[in-house]
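Okay, thanks for coming, everyone. I'll put a structure up on the screen, and then we'll walk through it together, piece by piece.

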Amino acid sequence: MSEAKRKNNYKNEQMKHRKLSFLELGMKGFMATCNFREKDCIRECYNILNQYMDTSMNDPPPEEEPTADKKSDDEEEEDISKALQKDLDKEKQRNQKKFHKFNVADTGVTNCVFIATSIDDPVGLGVKIARDIAATKVQRTKFLLRLIPVEVVCRANLRSITDAVGSLCDKYVLQEPKTFSVVFNRRYNNAILRDDVIKEVADVVTSKNSGNKVNLTEPEISVVVEIIKGMCCISVLPDYLKLKKYNLLELADVTNKGETKGGGVVAKETPLDAPEMPSEGTEAEGDAKEVQGATKDEDI
(Lines give C-alpha, C1' and ligand atoms only; values in the text may rest on other atoms or scores of the structure.)
Protein backbone atom coordinates (compact mmCIF):
# COMPACT_ATOMS: atom_id res chain seq x y z
CA MET A 1 0.00 0.00 0.00
CA SER A 2 1.37 3.40 -0.96
CA GLU A 3 2.09 6.16 1.53
CA ALA A 4 -0.74 8.32 0.11
CA LYS A 5 -3.29 5.50 0.57
CA ARG A 6 -2.15 4.91 4.13
CA LYS A 7 -2.61 8.59 4.95
CA ASN A 8 -6.04 8.55 3.31
CA ASN A 9 -7.12 5.54 5.35
CA TYR A 10 -5.87 7.20 8.54
CA LYS A 11 -7.87 10.37 7.82
CA ASN A 12 -11.01 8.35 7.00
CA GLU A 13 -10.68 6.45 10.26
CA GLN A 14 -10.40 9.72 12.16
CA MET A 15 -13.52 11.11 10.50
CA LYS A 16 -15.52 8.00 11.40
CA HIS A 17 -14.81 8.60 15.06
CA ARG A 18 -15.39 12.35 14.81
CA LYS A 19 -19.05 12.37 13.89
CA LEU A 20 -20.78 15.73 13.92
CA SER A 21 -22.45 16.49 17.23
CA PHE A 22 -24.10 19.55 18.70
CA LEU A 23 -23.42 21.59 21.83
CA GLU A 24 -25.35 19.82 24.58
CA LEU A 25 -25.94 19.89 28.33
CA GLY A 26 -23.23 18.32 30.44
CA MET A 27 -20.43 18.75 27.90
CA LYS A 28 -17.00 20.08 28.78
CA GLY A 29 -14.21 21.13 26.51
CA PHE A 30 -12.98 24.26 24.77
CA MET A 31 -14.73 27.19 23.12
CA ALA A 32 -12.66 28.54 20.24
CA THR A 33 -13.10 31.69 18.19
CA CYS A 34 -11.85 32.33 14.68
CA ASN A 35 -12.38 34.67 11.75
CA PHE A 36 -14.31 32.97 8.92
CA ARG A 37 -11.92 30.00 8.61
CA GLU A 38 -13.72 27.51 10.84
CA LYS A 39 -12.31 24.33 9.25
CA ASP A 40 -8.78 25.63 9.63
CA CYS A 41 -9.58 26.71 13.19
CA ILE A 42 -10.89 23.23 14.06
CA ARG A 43 -7.78 21.64 12.57
CA GLU A 44 -5.55 23.91 14.64
CA CYS A 45 -7.60 23.11 17.76
CA TYR A 46 -7.04 19.39 17.26
CA ASN A 47 -3.35 19.91 16.59
CA ILE A 48 -2.55 22.08 19.59
CA LEU A 49 -4.75 20.16 22.04
CA ASN A 50 -3.33 16.79 21.02
CA GLN A 51 0.21 18.15 21.06
CA TYR A 52 -0.03 19.44 24.62
CA MET A 53 -2.10 16.47 25.74
CA ASP A 54 0.56 14.06 24.48
CA THR A 55 3.21 16.13 26.25
CA SER A 56 1.28 15.83 29.52
CA MET A 57 0.84 12.07 29.10
CA ASN A 58 4.53 11.61 28.34
CA ASP A 59 5.70 13.45 31.47
CA PRO A 60 7.84 11.04 33.52
CA PRO A 61 6.03 9.64 36.56
CA PRO A 62 7.45 10.29 40.04
CA GLU A 63 10.13 7.85 41.08
CA GLU A 64 9.10 5.20 43.54
CA GLU A 65 11.11 4.75 46.70
CA PRO A 66 13.00 1.46 46.75
CA THR A 67 11.65 -1.12 49.17
CA ALA A 68 13.90 -2.71 51.72
CA ASP A 69 12.42 -6.19 51.32
CA LYS A 70 14.26 -8.52 48.99
CA LYS A 71 12.23 -10.67 46.62
CA SER A 72 12.99 -14.02 45.14
CA ASP A 73 13.79 -14.43 41.46
CA ASP A 74 10.34 -15.95 40.79
CA GLU A 75 8.60 -13.04 42.47
CA GLU A 76 10.68 -10.55 40.52
CA GLU A 77 9.87 -12.28 37.23
CA GLU A 78 6.19 -12.28 38.13
CA ASP A 79 6.34 -8.57 38.99
CA ILE A 80 8.05 -7.82 35.68
CA SER A 81 5.44 -9.76 33.71
CA LYS A 82 2.64 -7.97 35.57
CA ALA A 83 4.26 -4.61 34.90
CA LEU A 84 4.62 -5.40 31.20
CA GLN A 85 1.00 -6.53 30.98
CA LYS A 86 -0.10 -3.38 32.77
CA ASP A 87 1.83 -1.22 30.30
CA LEU A 88 0.29 -3.11 27.37
CA ASP A 89 -3.20 -2.64 28.79
CA LYS A 90 -2.60 1.07 29.27
CA GLU A 91 -1.32 1.44 25.71
CA LYS A 92 -4.29 -0.48 24.35
CA GLN A 93 -6.70 1.69 26.32
CA ARG A 94 -4.92 4.82 25.12
CA ASN A 95 -5.20 3.71 21.49
CA GLN A 96 -8.90 2.91 21.91
CA LYS A 97 -9.57 6.39 23.26
CA LYS A 98 -7.24 8.12 20.83
CA PHE A 99 -10.01 9.40 18.56
CA HIS A 100 -12.37 10.29 21.40
CA LYS A 101 -10.30 12.85 23.32
CA PHE A 102 -11.46 15.81 21.26
CA ASN A 103 -14.49 16.12 18.98
CA VAL A 104 -16.05 19.19 17.42
CA ALA A 105 -19.60 20.08 18.47
CA ASP A 106 -21.65 22.43 16.31
CA THR A 107 -22.64 25.66 18.11
CA GLY A 108 -24.81 27.05 15.33
CA VAL A 109 -22.86 30.32 15.54
CA THR A 110 -20.43 31.59 12.93
CA ASN A 111 -16.79 31.98 14.01
CA CYS A 112 -17.41 30.13 17.27
CA VAL A 113 -16.64 26.42 17.57
CA PHE A 114 -16.76 24.04 20.50
CA ILE A 115 -14.34 21.16 20.98
CA ALA A 116 -15.87 18.61 23.34
CA THR A 117 -13.49 16.46 25.34
CA SER A 118 -13.46 13.39 27.54
CA ILE A 119 -10.41 14.46 29.58
CA ASP A 120 -10.93 15.19 33.27
CA ASP A 121 -9.39 18.65 33.44
CA PRO A 122 -9.84 20.87 30.37
CA VAL A 123 -8.96 23.96 32.43
CA GLY A 124 -5.57 22.52 33.35
CA LEU A 125 -4.78 21.78 29.71
CA GLY A 126 -6.01 25.18 28.51
CA VAL A 127 -4.01 27.05 31.14
CA LYS A 128 -0.92 25.02 30.26
CA ILE A 129 -1.24 26.00 26.59
CA ALA A 130 -1.79 29.69 27.35
CA ARG A 131 1.07 29.93 29.85
CA ASP A 132 3.49 28.11 27.58
CA ILE A 133 2.76 30.43 24.65
CA ALA A 134 3.00 33.45 26.96
CA ALA A 135 6.41 32.27 28.19
CA THR A 136 7.92 31.21 24.84
CA LYS A 137 6.24 33.85 22.60
CA VAL A 138 6.02 31.19 19.89
CA GLN A 139 3.02 31.54 17.59
CA ARG A 140 1.36 28.12 17.34
CA THR A 141 -1.86 29.05 15.52
CA LYS A 142 -2.86 31.20 12.59
CA PHE A 143 -6.65 30.95 12.44
CA LEU A 144 -7.47 29.93 16.02
CA LEU A 145 -7.76 33.11 18.07
CA ARG A 146 -9.09 32.44 21.57
CA LEU A 147 -9.17 29.03 23.25
CA ILE A 148 -11.40 29.14 26.35
CA PRO A 149 -11.58 26.03 28.56
CA VAL A 150 -15.17 25.16 29.51
CA GLU A 151 -15.98 23.14 32.63
CA VAL A 152 -19.78 23.13 32.48
CA VAL A 153 -22.39 23.49 29.75
CA CYS A 154 -25.85 24.30 31.11
CA ARG A 155 -29.06 25.95 29.94
CA ALA A 156 -28.99 29.71 29.41
CA ASN A 157 -31.25 30.70 32.29
CA LEU A 158 -30.48 32.29 35.65
CA ARG A 159 -31.24 29.27 37.79
CA SER A 160 -29.07 26.87 35.78
CA ILE A 161 -26.23 29.37 35.60
CA THR A 162 -26.19 30.11 39.34
CA ASP A 163 -26.38 26.38 40.18
CA ALA A 164 -23.41 25.64 37.90
CA VAL A 165 -21.39 28.57 39.26
CA GLY A 166 -22.15 27.46 42.82
CA SER A 167 -20.78 23.97 42.13
CA LEU A 168 -17.59 25.40 40.63
CA CYS A 169 -17.17 27.81 43.56
CA ASP A 170 -17.20 24.85 45.94
CA LYS A 171 -14.16 23.62 44.06
CA TYR A 172 -12.23 26.89 43.76
CA VAL A 173 -13.12 29.41 46.47
CA LEU A 174 -14.86 27.58 49.31
CA GLN A 175 -11.71 26.94 51.36
CA GLU A 176 -9.43 29.78 50.29
CA PRO A 177 -10.70 33.32 49.53
CA LYS A 178 -9.71 34.85 46.21
CA THR A 179 -10.15 38.06 44.28
CA PHE A 180 -12.44 37.59 41.30
CA SER A 181 -14.16 39.16 38.33
CA VAL A 182 -17.12 38.08 36.23
CA VAL A 183 -16.84 37.99 32.44
CA PHE A 184 -20.08 37.89 30.47
CA ASN A 185 -20.62 37.34 26.76
CA ARG A 186 -23.64 36.36 24.74
CA ARG A 187 -24.17 35.27 21.17
CA TYR A 188 -27.57 35.18 19.50
CA ASN A 189 -29.50 35.42 22.76
CA ASN A 190 -31.30 38.57 23.86
CA ALA A 191 -33.65 36.87 26.32
CA ILE A 192 -31.29 36.77 29.29
CA LEU A 193 -30.25 40.09 30.79
CA ARG A 194 -26.58 40.84 31.29
CA ASP A 195 -27.03 42.83 34.50
CA ASP A 196 -29.08 40.07 36.12
CA VAL A 197 -26.50 37.39 35.32
CA ILE A 198 -23.62 39.49 36.62
CA LYS A 199 -25.37 40.33 39.88
CA GLU A 200 -26.48 36.76 40.57
CA VAL A 201 -23.07 35.25 39.76
CA ALA A 202 -21.24 37.81 41.93
CA ASP A 203 -23.66 37.10 44.79
CA VAL A 204 -23.05 33.35 44.52
CA VAL A 205 -19.26 33.78 44.60
CA THR A 206 -19.30 36.09 47.63
CA SER A 207 -21.81 33.90 49.47
CA LYS A 208 -19.46 30.91 49.25
CA ASN A 209 -16.69 32.73 51.10
CA SER A 210 -16.95 36.15 52.70
CA GLY A 211 -13.28 36.72 51.90
CA ASN A 212 -13.89 36.69 48.14
CA LYS A 213 -13.46 40.24 46.87
CA VAL A 214 -14.05 41.85 43.49
CA ASN A 215 -10.96 42.96 41.57
CA LEU A 216 -11.42 44.21 38.02
CA THR A 217 -7.78 44.88 37.20
CA GLU A 218 -5.84 41.84 38.50
CA PRO A 219 -8.29 39.15 39.64
CA GLU A 220 -6.87 35.82 40.73
CA ILE A 221 -9.78 34.04 39.07
CA SER A 222 -12.46 35.02 36.56
CA VAL A 223 -15.88 33.43 36.30
CA VAL A 224 -16.42 33.26 32.55
CA VAL A 225 -20.03 33.04 31.36
CA GLU A 226 -20.37 32.51 27.60
CA ILE A 227 -23.94 32.25 26.33
CA ILE A 228 -24.37 30.65 22.91
CA LYS A 229 -28.01 30.66 21.82
CA GLY A 230 -29.85 28.50 24.38
CA MET A 231 -26.71 27.08 26.02
CA CYS A 232 -24.26 28.57 28.49
CA CYS A 233 -20.58 27.64 28.82
CA ILE A 234 -19.11 28.34 32.24
CA SER A 235 -15.61 28.10 33.65
CA VAL A 236 -13.46 29.51 36.43
CA LEU A 237 -10.11 30.54 34.95
CA PRO A 238 -6.93 31.82 36.62
CA ASP A 239 -5.07 34.91 35.36
CA TYR A 240 -7.71 35.64 32.73
CA LEU A 241 -6.57 39.20 32.09
CA LYS A 242 -2.85 38.47 32.50
CA LEU A 243 -3.19 35.74 29.86
CA LYS A 244 -4.81 38.16 27.39
CA LYS A 245 -8.25 36.57 27.77
CA TYR A 246 -6.69 33.34 26.45
CA ASN A 247 -6.08 34.89 23.04
CA LEU A 248 -3.24 32.75 21.69
CA LEU A 249 -2.16 35.29 19.07
CA GLU A 250 -1.89 38.12 21.57
CA LEU A 251 0.03 35.86 23.94
CA ALA A 252 2.53 35.23 21.14
CA ASP A 253 2.96 39.01 20.75
CA VAL A 254 1.29 39.17 17.36
CA THR A 255 0.76 42.84 16.51
CA ASN A 256 -2.67 44.38 15.99
CA LYS A 257 -1.81 44.89 12.35
CA GLY A 258 -2.01 41.16 11.77
CA GLU A 259 1.74 40.62 11.28
CA THR A 260 3.89 38.18 13.20
CA LYS A 261 7.48 38.69 14.21
CA GLY A 262 8.45 36.34 11.43
CA GLY A 263 6.47 38.29 8.86
CA GLY A 264 3.53 35.89 8.57
CA VAL A 265 -0.02 37.15 8.24
CA VAL A 266 -2.68 36.12 10.76
CA ALA A 267 -6.39 36.66 11.19
CA LYS A 268 -7.71 39.43 13.42
CA GLU A 269 -10.66 38.84 15.71
CA THR A 270 -13.92 40.63 14.96
CA PRO A 271 -17.29 40.71 16.73
CA LEU A 272 -19.07 37.40 16.15
CA ASP A 273 -22.67 38.44 15.96
CA ALA A 274 -22.91 42.20 16.33
CA PRO A 275 -26.09 42.45 14.21
CA GLU A 276 -27.93 40.08 16.58
CA MET A 277 -26.81 41.63 19.85
CA PRO A 278 -27.88 44.80 21.62
CA SER A 279 -25.40 47.65 21.58
CA GLU A 280 -24.23 47.14 25.17
CA GLY A 281 -20.89 45.44 25.47
CA THR A 282 -20.16 45.11 21.75
CA GLU A 283 -16.74 45.92 20.45
CA ALA A 284 -18.11 48.74 18.27
CA GLU A 285 -19.30 50.64 21.31
CA GLY A 286 -15.77 51.15 22.57
CA ASP A 287 -15.03 51.06 26.28
CA ALA A 288 -16.50 48.16 28.23
CA LYS A 289 -19.10 48.91 30.87
CA GLU A 290 -18.98 47.99 34.54
CA VAL A 291 -22.09 46.78 36.30
CA GLN A 292 -22.52 46.25 40.06
CA GLY A 293 -18.75 46.66 40.41
CA ALA A 294 -18.22 43.05 39.43
CA THR A 295 -17.31 42.77 35.77
CA LYS A 296 -16.20 44.20 32.49
CA ASP A 297 -17.75 43.13 29.22
CA GLU A 298 -15.66 40.83 27.10
CA ASP A 299 -14.46 41.88 23.67
CA ILE A 300 -15.93 39.23 21.44
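Let's start with helix H4, residues 122-136, which lies across strand E2 (29-33), E3, strand E4 (112-117) and E5. Against E5, H4 runs at about 160°. Before I go on, keep in mind that this is a predicted model.

So what is H4 lying across? The strands belong to an open sheet of 5, in the order E1-E3-E4-E2-E5, and the pairing is mixed. Which strands sit at the edges? Those are strand E1 (21-22) and strand E5 (147-150), and each of them pairs on one side only.

Take the E1 edge. E1 pairs with strand E3, residues 102-106, in the parallel sense, over 2 bridges. If you want one pair to look for, Phe22 has Asp106 in E3 as its bridge partner.

Now slide over to E2. It pairs with E4 in the antiparallel sense over 5 bridges, and with E5, again antiparallel, over 4 bridges. A handy residue to click on here is Phe30: its bridge partner in E4 is Ile115, and in E5 it stands opposite Pro149. Is E2 mostly covered or mostly open? Mostly covered: 5 of its 5 residues are buried.

That brings us to the nonpolar cores. The largest one has 50 residues, and the members touching the most others are Ile48, Leu49, Phe102, Phe114, Leu125, Ile129 and Leu147. Which helix gives the most to this core? That's helix H2, residues 38-57, with 8 residues. There's also a second, separate core of 25 residues, and Ala156, Ala164, Val165 and Cys169 are among its members.

Some of those names come back in helix H5, residues 158-172, so let's go there. We can do a little sanity check on H5: at 1.5 Å a residue, its 15 residues should span 21 Å, and the end C-alpha atoms are indeed 21 Å apart, so the two agree. The buried residues of H5 are Ile161, Thr162, Ala164, Val165, Gly166, Leu168 and Cys169. As a reminder, an α-helix has 3.6 residues a turn, so residues three or four places apart point the same way. What do the buried residues of H5 pack against? They pack against strand E6 (152-155), helix H6 (194-208), E9 and E10.

E9 and E10 lead me to a couple of oddballs. Lys229 has a phi near 55°, a positive value in a residue that isn't glycine. You'll find Lys229 in the loop between strand E9 (221-228) and strand E10 (231-238). Lys229 counts as partly exposed because its relative accessibility is 37%. Then there's Lys244, also not a glycine, with a positive phi of about 55°. Lys244 lies in the loop between E10 and helix H7 (248-251). With 41% relative accessibility, Lys244 counts as partly exposed too.

Last, let's zoom out. How many helices and strands does the protein have? There are 7 helices and 10 strands. Of the 300 residues, 43% are buried. The protein exposes about 16800 Å², with carbon and sulfur atoms supplying 49% of that. And among contacts between residues at least 6 apart in sequence, 78% join residues at least 24 apart.

That's my tour, so please jump in with questions.

Terms used. Residues are numbered from 1 along each chain as its sequence is written. This is a predicted model: local features need pLDDT of at least 70, side-chain atom pairs count only at pLDDT 80 or more; totals for chains, interfaces and linings use all residues. Side-chain values use heavy atoms; hydrogens and water are left out. Buried means under 20% relative accessible area, exposed over 50%, partly exposed in between (1.4 Å probe, protein chains only). Contact means heavy atoms within 4.5 Å. Accessible areas come from the Shrake-Rupley method with a 1.4 Å probe; for residues, only the protein chains shown count as cover. Two strands pair if DSSP finds at least two bridges between them. Axes are lines fitted to C-alpha atoms, for helices over the stretch in contact, and angles run from 0 to 180 degrees between N-to-C directions. The expected span of a helix is 1.5 Å times one less than its number of residues. A nonpolar core is a set of buried Ala, Val, Leu, Ile, Met, Phe, Trp, Tyr and Cys residues joined through side-chain atoms within 4.5 Å.
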